[in-house]
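Reader: Hello! I am new to this structure and would love a close look at one part of it. Please pick a spot, walk me through it slowly, and then show me how it fits with what lies around it.

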Amino acid sequence: MLKCYNNLQNSIRRKASRRNDSTGGRGDKPSPAGCSATPTPEERQDPGIWGITGVVESQNLTNPSKAKKPTPQQAKKWQQSIDFLLEDPKGRAHFKKYLKTQYASENFDFWTAVDELKTKKPQGEKLKKETREIFENYISRDALYPVNINAKLRVGIEQMIEDPNTEIFDDAQKYVYRLMKDGPYMNFLQDSYFQTLIGGKG
């Protein structure tokens, strides 16, 4: 899966300079040859994603450049697992800041939006409105910021979007979590940006 993700992200970066505001990154990105069509049993059983719910309150993820500096001890804890990174508001903010430099923040933004949806647990028309917004931003074939999920997951969501529940995006969120864990998270830990954080200079 990591190879598939890296191939796709390299393609996105090559195209990034040709994007303009009128397209907004629209379009469905096909999975590279050899990529799995469905989440593996291991992905479905991975407990990590389910233990991280909670709306980020103390960090401004809309403007990650304003992320508060962590202590070196906090940053070093993020090295232990992606779960520690994502459950820490400062960790989320700095991770997003890094991802934006890599043209790869869509998956993180989707993951965060779904996490907040499950925390707030809206009902009725509000649930329909919020799930539709996530769908149009990240999942639909004309999504503004399409995430890297396969066709089977997308179709399953399309079939539920008119009568949604708060679990509608669970499989897609888990799939994206695995992509982040195997790709961007590992790259983040090796990047000079992160090294300045654990050195107390970030």
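Author: Welcome! One piece of vocabulary will help us first: a residue is called buried when its relative accessible area is under 20%, exposed when that value is over 50%, and partly exposed in between. Please also keep in mind that this is a predicted model.

Let us set the scene before we zoom in. The protein has eleven helices and zero strands, and reading along the sequence gives the pattern α-α-α-α-α-α-α-α-α-α-α. Of its 202 residues, 45% are buried. The surface that the protein exposes comes to about 10,700 Å², with 48% of that supplied by carbon and sulfur atoms. Among contacts between residues at least 6 apart in sequence, 73% join residues at least 24 apart.

The part I have picked is helix α5, which covers residues 89-101. Its 13 residues, at 1.5 Å each, should span 18 Å, and the end C-alpha atoms are 19 Å apart, so expectation and model agree. Which residues of α5 are buried? They are Lys 90, Gly 91, Arg 92, Ala 93, His 94, Phe 95, Lys 96, Tyr 98 and Leu 99. What do these buried residues pack against? Their partners are α3, α4 (82-87), α6, α9, α10 (184-190) and α11 (192-198).

One of those partners, α3, spans residues 72-78 and includes Pro 72. The relative accessible area of Pro 72 is 25%, so this residue counts as partly exposed. Pro 72 also shows how the chain comes back on itself: its C-alpha atom is 4.3 Å from that of Ile 198, although 126 residues along the chain separate the two.

Back in α5, let us follow two aromatic residues. Phe 95 and Tyr 98 belong to a cluster linked by ring pairs, together with Phe 108, Phe 188, Tyr 193 and Phe 194. The structure as a whole holds eight aromatic pairs. One of them joins Phe 188 and Tyr 193, a tilted pair with 6.4 Å from centre to centre and 45° between the planes. Phe 188 has a relative accessible area of 0%, so it counts as buried.

Phe 95 has a second role. It is among the residues with the most contacts inside the largest nonpolar core, alongside Phe 110, Ile 139 and Phe 169, and that core has 39 residues. Phe 169 gives a taste of the packing there. Setting aside neighbours within four places in sequence, Phe 169 is in contact with Phe 110, Val 114, Leu 117, Thr 131, Ile 134, Phe 135, Ile 139 and Ile 157.

Now for charge. Side chains of opposite charge can pair when their charged atoms come close. In α5, Lys 96 forms a salt bridge with Asp 109, at 3.0 Å from N to O. Asp 109 sits in helix α6 (residues 106-120), and the two partners are 13 residues apart. Both of these residues are buried.

Helix α6 then leads us further out. Lys 118 and Asp 170 make another salt bridge, 3.6 Å from N to O. Lys 118 lies in α6 and Asp 170 in α9 (residues 170-182), so this pair ties together parts that are 52 residues apart in sequence. Both partners count as buried, because the relative accessibility is 12% for Lys 118 and 13% for Asp 170.

A third salt bridge makes a nice contrast in setting. Glu 162 pairs with Arg 132, and their closest N and O atoms are 2.7 Å apart. Glu 162 belongs to the loop between α8 (151-160) and α9, while Arg 132 belongs to helix α7 (residues 124-139), 30 residues away in the chain. Here Glu 162 is exposed at 56%, and Arg 132 is partly exposed at 26%.

Finally, let us step off the end of α5. Most residues other than glycine have a negative phi. In the loop between α5 and α6 you will find Tyr 103, whose phi is positive, near 55°. Tyr 103 is partly exposed, with 47% relative accessibility. Lys 121, in the loop between α6 and α7, also has a positive phi, about 50°. With 59% relative accessibility, Lys 121 counts as exposed.

Definitions and conventions
Residues numbered from 1 in each chain as written. Predicted model: local features only at pLDDT ≥ 70, side-chain atom pairs only at ≥ 80, totals over all residues. Heavy atoms only, no water. Core = buried A, V, L, I, M, F, W, Y, C linked by side-chain atoms within 4.5 Å. Buried < 20%, exposed > 50% of the residue type's maximum accessible area, 1.4 Å probe, protein only. Contact = heavy atoms within 4.5 Å. Helix = DSSP H or I, 4+ residues; strand = E, 2+ residues; numbered from the N terminus. Phe/Tyr/Trp six-rings, centres within 6.5 Å; stacked < 30°, edge-to-face > 60°. Salt bridge = Lys/Arg side-chain N within 4 Å of Asp/Glu carboxyl O. Areas by Shrake-Rupley, 256 points an atom, 1.4 Å probe, with all protein chains shown as cover. Expected span 1.5 Å × (residues − 1).
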